[in-house]
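The following exercises are to be worked with the sequence and the model in view. Each task is followed by a solution in steps.

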Amino acid sequence: DAVVAQVHLMSPQQLGNCVNGFSKVSILDDKRTLWGSLCKASISALGAMNPQQLANCVNGFSKVNFLFTDQRLWEALGHAVALAATEMTSQGLTNCILGFSKVSLLLDNEGLWRRLAELAVPTMDRMSPLGIADCVSGFSSVELLLGNQKLWTLLKDTALSVMGQMGPSQVASCVAGFAQVELFLGDHVLWAALKDASIASGKPKSALRPRKELQRHSDEL
């Protein structure tokens, strides 16, 4: 309650920090008064936020399920990020890719996703293994990008180069994400690497191929 009373007095940086910080506290997930106040104040302050604060807002608000239907919030955030994304760090960019991919209202926003894909390509070599897994997970949720061969070929090559540094959840994100890309369903090198990485990280073999491939390649597993 004390925070709600102070929200309208916060600077853009303070708002971004609060959104990101409170989103990590699960007991606050259903506090509609708190999130409604942060949402309203953030929409008004987006134009004054720097790229990192915008990424913090996307990251934070995308963890609050009941906000996913707030069209005003997500359209404003999508517009602000599209304008500021060139100045984002690779982590900020991947936070936006993963966060926006959870919001069905934005999945057909072609301009936003083409922009994010365009910016992800030249920064991929600077992304952490977690960032690469987030990109695979995020972009695989966007149907209009599934046929983007340049994006996915680079994502595959980069993921293969850092797969040994990925933890179990990142490997699982890659398995689920690459399984959405028809281009890779018969890619033996990719699936063998994912199989090895899954085994190394303690994952069972059974989830290692997309369903369509399980029957055809069961002898290889």
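**Exercise 1. Determine which residues of helix 3 are buried, and describe the extent of the helix.**

Solution. The model is predicted, and every value below is computed from it.

Step 1. The buried residues of helix 3 are Leu34, Trp35, Leu38, Cys39, Ala41, Ser42, Ile43 and Ala45.

Step 2. Helix 3 covers residues 32–45, a run of 14 residues. From its first C-alpha to its last it reaches 20 Å, close to the 20 Å expected at 1.5 Å a residue.

Step 3. A general point helps in reading such a list: an α-helix has 3.6 residues a turn, so residues three or four places apart point the same way.

**Exercise 2. Identify the residues of the largest nonpolar core that touch the most other members, and the helix that gives the most to this core.**

Solution.

Step 1. The core has 69 residues, and those touching the most other members are Phe61, Phe100, Phe139 and Phe178.

Step 2. Helix 3 gives the most to this core, with seven residues.

Step 3. Phenylalanine 100 may be taken as an example. Beyond its neighbours within four places in sequence, its contacts are Val58, Trp74, Leu77, Gly78, Val81, Leu106, Leu107, Leu112, Trp113 and Leu116.

**Exercise 3. Describe the packing of helix 6 with helix 7, and then that of helix 8 with helix 9.**

Solution.

Step 1. Two packed helices are described by the angle between their axes and the distance between the axes.

Step 2. For helix 6 (residues 90–101) and helix 7 (residues 110–123), the angle is about 145 degrees and the axes are 11 Å apart. Their crossing is left-handed.

Step 3. Helix 6 contributes Ser90, Leu93, Ile97, Phe100 and Ser101 to the contact, while helix 7 contributes Leu112, Trp113, Leu116, Leu119, Ala120 and Thr123. By class, these residues are eight nonpolar, three polar and no charged.

Step 4. For helix 8 (residues 129–139) and helix 9 (residues 149–162), the axes come within 10 Å and cross at roughly 145 degrees. This crossing, too, is left-handed.

Step 5. On the side of helix 8 the contact is made by Pro129, Ile132, Cys135, Val136 and Phe139, and on the side of helix 9 by Leu151, Trp152, Leu155, Thr158, Ala159 and Val162. The division by class is 10 nonpolar, one polar and no charged.

**Exercise 4. State how many residues of helix 4 and of helix 8 are buried, and what packs against them.**

Solution.

Step 1. Helix 4 is mostly covered, with 10 of its 11 residues buried. They are Pro51, Gln53, Leu54, Ala55, Asn56, Cys57, Val58, Asn59, Gly60 and Phe61.

Step 2. The cover over these residues includes helix 2 (12–22), helix 3, helix 5 and helix 6.

Step 3. Helix 8 is also mostly covered, with nine of its 11 residues buried. These are Pro129, Gly131, Ile132, Ala133, Asp134, Cys135, Val136, Gly138 and Phe139.

Step 4. The buried residues of helix 8 pack against helix 6, helix 7, helix 9 and helix 10 (168–178).

**Exercise 5. Classify asparagine 56, asparagine 65 and phenylalanine 184 as buried or exposed.**

Solution.

Step 1. The cut-offs are needed here: buried means under 20% relative accessible area, and exposed means over 50%.

Step 2. Asparagine 56 is located in helix 4. Its relative accessibility is 9%, so asparagine 56 counts as buried. Not counting residues up to four places away in sequence, asparagine 56 touches Gly16, Asn17, Val19 and Asn20.

Step 3. Asparagine 65 belongs to the loop between helix 4 (51–61) and helix 5 (71–84). Because its relative accessible area is 59%, asparagine 65 is exposed. Its C-alpha lies 11 Å from that of arginine 32, 33 residues apart along the chain.

Step 4. Phenylalanine 184 is placed in the loop between helix 10 and helix 11 (188–200). With a relative accessible area of 3%, phenylalanine 184 is therefore buried. Apart from its neighbours within four places in sequence, phenylalanine 184 is in contact with Trp152, Thr153, Lys156, Phe178, Leu190 and Trp191.

Notes. Residues numbered from 1 in each chain as written. Predicted model: local features only at pLDDT ≥ 70, side-chain atom pairs only at ≥ 80, totals over all residues. Heavy atoms only, no water. Helix = DSSP H or I, 4+ residues; strand = E, 2+ residues; numbered from the N terminus. Expected span 1.5 Å × (residues − 1). Buried < 20%, exposed > 50% of the residue type's maximum accessible area, 1.4 Å probe, protein only. Axes fitted to C-alpha atoms, helices over the stretch in contact; angles between N-to-C directions. Left-handed = near helix turned anticlockwise from the far one by under 90°. Contact = heavy atoms within 4.5 Å. Nonpolar A, V, L, I, M, F, W, Y, C, P; charged D, E, K, R; others polar. Core = buried A, V, L, I, M, F, W, Y, C linked by side-chain atoms within 4.5 Å.
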